[in-house]
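Please look through the structure shown here with attention to a hairpin, an enclosed space and a loop residue. The paragraphs that follow take up these topics in turn, beginning with the loop.

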Amino acid sequence: MQLGWVQGGKMWLGVLLTLLLCSSLEGQENSFTINSIRMAFLPRQEVQNGDNLTLQCIVDISTTSHVKPQYQLLFYKDDTLFHNISSTESTESYFIAQARVYNAGIYKCTVLLNNKERTTSEYKVLVKRVSTPIVTLDKKEAIEGGIVTVHCSVPEEKPPVHFTIEKFELDIKDFKQKREKTSPNQNFVTLEFTVEEQDRVIFFQCQASIISGTHVENSTIVRSDLVTVRESFSNPKFHISPKGVITEGDPLLIRCTIQVTPVVRVFPEIIIQKDKVIVAHSQREKEANYSVMAMTEHNGNYTCKVEASRISKVSSIVVNITELFSKPKLESSATSLDQDERLNLWCSILGAPPVNFTIQKEGVIVSQAQNFTKKASKWDSGTYTCIAGIGKVVKKSNTVQITVCEMLSKPQIFYDSGSEVIKGQAIKISCQSENGTSPISYHLLKANNILETRTVASNEPAVFKDNPTHDTEYQCFVENCHSHTEMESKRLKVKVIAPVENVTLSILQNKMVESGNDIVLRCSVNNASGPITYKFYREKEVRPFYQNISSETKAFWFKTQASKEHEGQYYCTASNRANSAKNVPQSNVLTVRVFLAPWKKGLIAVVVIGVIIAILVLGARCYFLKKAKAKQMPVEMSRPAVPLLTSNNEKMSNFNTEANNPYGYDEDIGNHAMKPMNENKEPMTLEYTEVEVTSCEPHEGLRTKGTETVYSEIRKTDPDLMGNRHSRTEGSLVGT
């Protein structure tokens, strides 16, 4: 039997697969189109909280197939998919039972068919109001100062939820306390409320609110059960003793009492105040007491305050005290007196009752009478009071401040003379009156003009600061409360040392100095204080060539008979004791030129020209002498031979031989050897002189003249060796 069921199941499964395959094949071959898609809401898009809501998605599809196509339908709320279904029907629904605020939102649906997709427009669904909250209390009876816990919830709603809880007194319209709280992760809230001293019967109201889209939905207001409140202690009560009229001097007792509930474990604190000043207090007791001898200053409003941890109860009472005698009044003829003036004080009371008087100065009795008179001194300055009493009632008068002003002594003015005053540096000038009542006003005068005023509260010196730039005088005037005119000090002369700042080097005449004239350099400074050290330098020299110490603002260096060696660049330095050794001011660099005088230049020119002329004259003379000598020698050689002395003949013979051998060869040696004429002498120098020779033939007499050019070669040798000079004549001597 089971085998038959199995075989039948396999057969039906095969049929189903065949149908699905055919349907799939048919779907692939047929065409589909989505005509429209829309949504519908039943009963409507806006419903009340707790109503049922149906969402419908309606699809219109056209196809060429006779079988309805299967498509996929998607439901969205606020762009979040919450329902997905496959269907062949034209309408699909989604049911929401008892709609809540969290069901409100923006809805839409989408249809998917093969590769085609269509989506509806967006629809806004509203759920009005919030479900009714549930309110519970932790107790129905409470004691003053206790705590009531209120629990409010909306179980059907989803967080976040905003809760508002109010506390009411029975039969009172307005709430006594209101608290609000938002619960982001839960749909309930728990709050604590304090039971106050005025509470008798109280209850609470709760309302829930939820934000839905752009607006807020609120629930109905739900009221809680009633809570009955019992007192922890009674209101405080005052008890005043004695009763009736209270006169100064009577013993005064002020009591404050309360009643405490037996269930209270900790007693409250009782405080008695007069004008916010605590005069008595008590703890762990049912009363507080304030006891004092009655005086008029005890008149006023008294408050009794009873406080527990969270409760405070208050009551008040006014106390009146009858005055026994009025407050004494102390008067003075003057409050500011000069030394040695009369000090008069007197004390009086309205009505002049039989009162004992005492006058005191800062707690010290100075008189046990109604009046006090004496010659004032600086020790009498202070605060005076008058004490008047009848029995135990003692009253103090007003205070009178008496100031006895001691005359100031002549002020002393001084400054730190241990160091010199440098221009621009600050100095401290002190002015002091050693005797006299303070405060003291000091006026410092500089060159008869008030520079500054200071007030000192003691006899310490007043210190002033100034920056003098030149020698000046200071004077001090002082004054205080004394009626005497102000006192003045002697004049203080302060010498200010002005440092050297600007140094200038100049020359008294032109920078171009004529040789032989004087050079005068001037090194000048600003209005500096002396003595000043001046130093003159030449450029690139480390040590000064001239130094001078002077109290003047300029120094000079003189150089008489200036020469070329004094030409160059100069500068100078100047300093005094106000300048630091590392920062000595230096002047400008001055260039001095030295030139020759015109007459000296002319004299030198004349001398040079004279020397040149003399050299030329001597040269010309030598030239003509040589020329004349050269003419004379050929003429002598052209004369007829005349028998001479043997020695002369020998000389002539030697001369001719040398003339024929001008280079000093010995003919006897021939070509085999040469013998210099002077082996140890310098080489000879040859000079040629052109000579015109005029001769006349002896047989022609004076008719015929001939002119020939004769070249004479003169060998320059040692002047002592006259035999070495030869002469060579070119050409023929006609008429020999």
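Strands here are DSSP runs of E with at least two residues, numbered from the N terminus. The model is predicted, so that local features need pLDDT of at least 70 and side-chain atom pairs count only at pLDDT 80 or more, while totals for chains, interfaces and linings use all residues. Residues are numbered from 1 along each chain as its sequence is written, and side-chain values use heavy atoms, with hydrogens and water left out.

H566 lies in the loop that links strand 51 (554-559) with strand 52 (568-575). Because its relative accessibility is 11%, H566 counts as buried (under 20% relative accessible area, with a 1.4 Å probe and protein chains only). When neighbours within four places in sequence are set aside, H566 is in contact with I519, R538, K559, Q561 and V594, contact meaning heavy atoms within 4.5 Å.

Turning to the hairpin, strand 16 (residues 201-212) and strand 17 (residues 215-218) run antiparallel and are joined by 4 bridges, where pairing requires that DSSP find at least two bridges between two strands. Within this pair, I211 stands opposite V216 of strand 17. The hairpin has 2 residues between the strands, and G213 takes a positive phi near 70° there.

As for enclosed space, a cavity is a set of points on a 1 Å grid over the protein atoms alone where a 1.4 Å probe fits but cannot get out. The count comes to 1 cavity of 30 Å³ or more, and the largest cavity holds about 60 Å³ of space. Its lining residues, which have an atom within 4 Å of a point, include M407, L408, V478 and E479.

Methods
On a 1 Å grid over the protein atoms alone, a cavity is a set of points where a 1.4 Å probe fits but cannot get out, and a pocket is an open set with protein on both sides within 12 Å along at least five of seven lines; lining residues have an atom within 4 Å of a point. Grid points are joined across faces, edges and corners, and a volume is the space filled by probe spheres set on the points. Buried means under 20% relative accessible area, exposed over 50%, partly exposed in between (1.4 Å probe, protein chains only).
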